[in-house]
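Visitor: I would like a close look at a single part of this molecule. Please pick one place on the surface and follow it from there.

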Amino acid sequence: MALMTMVAAQLFDLSTFLAMLRRVGPAAESNPFVADALMNHGLPILVIAKLVVMGFVAALTIVLVRSQRPSQARVAALVVAISIVAGLIGGGSNALVLRAL
């Protein structure tokens, strides 16, 4: 369930980012790392990178949980929680830009 929530939060971020790009343009991106990647590598590479990172987080979480060590399960929970929060913050900030229009 946590992985599905992480994927949903990250897809929320990605979908609002794409909508923001269409309506406002790249200058609306407030994350300097994302803005730099967009300008230097283009949208397709940025979307691929987002999907790769989501896959990495999911795979890392599965490996850590299957290790059956409580400390690694806590690390897995932390990694997923950070990814969920990051997706919600990113998507929320994008939605605020869209709402302001």
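**A patch and its surroundings**

Guide: Val7, Leu11 and Leu51 make a nonpolar surface patch of about 220 Å². Please keep in mind that this is a predicted model.

Take Leu51 to begin with. Leu51 sits in helix 3, which covers residues 43–66. Its relative accessible area is 43%, so Leu51 counts as partly exposed. A residue needs over 30% relative accessible area to be part of a patch, and Leu51, at 43%, meets that cut-off.

Helix 3 also holds Lys50, whose partner is Asp13 in helix 1 (residues 2–23). Asp13 and Lys50 form a salt bridge, and their closest N and O atoms are 2.7 Å apart. Side chains of opposite charge can pair when their charged atoms come close. The cut-off for a salt bridge is 4 Å between such atoms, and the 2.7 Å between Asp13 and Lys50 falls within that limit. The two residues are 37 apart in the chain, and the pair links distant parts of it. Both Asp13 and Lys50 are buried, whereas Leu51 is partly exposed. The count of salt bridges in this model comes to one.

Another residue to look at is Ile82, which is found in helix 4 (residues 70–100). Ile82 has a relative accessible area of 52% and is therefore exposed. Between Ile82 and Thr61 there are 12 Å in space, C-alpha to C-alpha, and the two are 21 residues apart in sequence.

Notes: Residues are numbered from 1 along each chain as its sequence is written. This is a predicted model: local features need pLDDT of at least 70, side-chain atom pairs count only at pLDDT 80 or more; totals for chains, interfaces and linings use all residues. Side-chain values use heavy atoms; hydrogens and water are left out. Patches are made of residues with over 30% relative accessible area and no salt bridge: like charges are joined within 9 Å, nonpolar side chains (Val, Leu, Ile, Met, Phe, Trp, Tyr) within 5 Å. Accessible areas come from the Shrake-Rupley method with a 1.4 Å probe; for residues, only the protein chains shown count as cover. A salt bridge is a side-chain nitrogen of Lys or Arg within 4 Å of a carboxyl oxygen of Asp or Glu. Helices (H or I, at least four residues) and strands (E, at least two) are DSSP runs, numbered from the N terminus. Buried means under 20% relative accessible area, exposed over 50%, partly exposed in between (1.4 Å probe, protein chains only).
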